[in-house]
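Colleague: I am new to this one, and I would like to understand the reasoning behind the labels people put on it. Could you show it to me and let me ask as we go?

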Amino acid sequence: VPQAQVLAQKGFTVLAVQYRGDKKSPDGSTSAEGAYEDNAADVLAAVRYLHSKGIRSVSAIGGSLGGDAVGDADAQSNPGEFDRVVFLGSEGGSHPEKLTGRKLYLVARDDTSGDGLRLPGIKAHYAKAQEPKKLVIVNGSAHAQYLFGTDEGPRVLNEILNFITQK
């Protein structure tokens with residue numbers, strides 16, 4: 001993942017989580033078929049592993065279903081386990097009111113699912129999340145990690161870098 005390489009080059013420790021039950025879908029992209037609870041548990045276990053290795057500040061970035069896993073893990077976490085969370089084309093889990101730390105929601109204006117536009121649901125979850133939080137809406141219809149392959153990709157990456165490095 002080129003974005004992970006950029007973060008590593010900037011001095012961040014990067015850990016990617018592949019969820020249980022992941023497999024390749026017919027188009028070659030990753031498809032997570034594990035239970036939502038398992039995905040959140042895997043994220044929380046990864047965060048706790050990083051803390052056990054001396055990492056003091058953990059930011060988690062999740063796209064689509066991965067964003068839901070990050071949000072649900074954050075909602076179940078102990079105070080201070082997550083410093084910042086980034087959601088790409090994701091509502092950020094089932095309990096936005098329980099999210100801790102700083103939150104960044106990034107979504108393309110015309111991103112859709114089988115249920116229609118994702119933006120209304122993301123805005124509703126954003127409204128329930130406590131401060132500090134930020135919502136960035138970019139042009140286009142790309143979903144989650146596919147935002148990086150669009151004209152908005154540099155802006156999305158820059159928003160993430162600024163967010164995780166701000167004091």
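**Reasons behind the labels**

Colleague: At 10% relative accessibility, why is E81 called buried?

Modeller: Happy to start there, with the reminder that this is a predicted model. Buried means under 20% relative accessible area, and E81 has 10%, so E81 counts as buried.

Colleague: What makes E81 and R48 a salt bridge?

Modeller: The closest N and O atoms of the two are 2.7 Å apart. The cut-off is within 4 Å, for a side-chain nitrogen of Lys or Arg and a carboxyl oxygen of Asp or Glu, so E81 and R48 qualify. In the background, side chains of opposite charge can pair when their charged atoms come close.

Colleague: Why do you say that this pair ties parts of the chain together?

Modeller: E81 sits in the loop between α3 (65–76) and β4 (84–88), while R48 belongs to helix α2 (residues 36–52), so the bridge ties together parts that are 33 residues apart in sequence. R48 has 37% relative accessibility, so R48 counts as partly exposed.

Colleague: How many salt bridges does a search of the whole structure find?

Modeller: The search finds five. Another of them joins R118 to D111, with the closest N and O atoms 2.7 Å apart.

Colleague: Which label, buried or partly exposed, goes to R118, and which to D111?

Modeller: R118 has a relative accessible area of 22% and is partly exposed. D111, at 1% relative accessibility, counts as buried. The cut-off for buried is under 20%, so D111 passes and R118 does not.

Colleague: What makes E159 and K134 a salt bridge?

Modeller: Their side chains meet at 2.9 Å, N to O, which is within 4 Å and therefore counts. E159 lies in helix α5 (residues 153–165) and K134 in strand β8 (residues 133–138), so this pair ties together parts that are 25 residues apart in sequence. E159 is buried at 15% relative accessibility, and K134 is partly exposed with a relative accessible area of 38%. A network of salt bridges links K134, R155 and E159.

Colleague: Let us turn to the strands. Why is β4 called mostly covered?

Modeller: Five of its five residues are buried. On one side are R84, V86 and L88, on the other V85 and F87, and all are buried, so both faces of β4 are covered.

Colleague: How do you know that β4 pairs with strand β3 (residues 59–63)?

Modeller: Pairing asks for at least two bridges, and β3 and β4 have five, in the parallel sense, so they pair. A60 stands opposite V85 in β4. Along the chain, the path goes from β3 through α3 to β4, a β-α-β crossover that is right-handed.

Colleague: What joins β4 to strand β5 (residues 102–108)?

Modeller: Five bridges join β4 to β5, and the two strands run parallel. V85 stands opposite K103 in β5, and F87 stands opposite Y105 in β5.

Colleague: Which strands form the open sheet, and in what order?

Modeller: Four strands form it, in the order β3-β4-β5-β8, with parallel pairing. β3 and β8 each have a single partner strand and stand at the edges, so one side of each is left without a neighbour in the sheet. From one strand to the next, the twist averages 10°. Helix α5 lies across β3, β4, β5 and β8, running at about 175° to β5.

Colleague: How many helices and strands does the protein have?

Modeller: There are five helices and eight strands, and along the sequence they follow the pattern α-β-β-α-β-α-β-β-β-β-α-β-α.

Colleague: What makes the protein as compact as a globular protein of that length?

Modeller: Its radius of gyration is 15 Å, close to the 15 Å that the globule rule gives for 167 residues, so the description fits. The C-alpha atoms fill a box of roughly 40 × 35 × 35 Å along the principal axes. Of the 167 residues, 41% are buried.

Colleague: Which share of contacts between residues at least 6 apart joins residues at least 24 apart in sequence?

Modeller: In the protein, that share is 59%.

Key: Residues numbered from 1 in each chain as written. Predicted model: local features only at pLDDT ≥ 70, side-chain atom pairs only at ≥ 80, totals over all residues. Heavy atoms only, no water. Buried < 20%, exposed > 50% of the residue type's maximum accessible area, 1.4 Å probe, protein only. Right-handed = clockwise from strand over helix to strand, strands pointing away. Axes fitted to C-alpha atoms, helices over the stretch in contact; angles between N-to-C directions. Contact = heavy atoms within 4.5 Å. Rg over C-alpha atoms; globule rule 2.2 N^0.38 Å.
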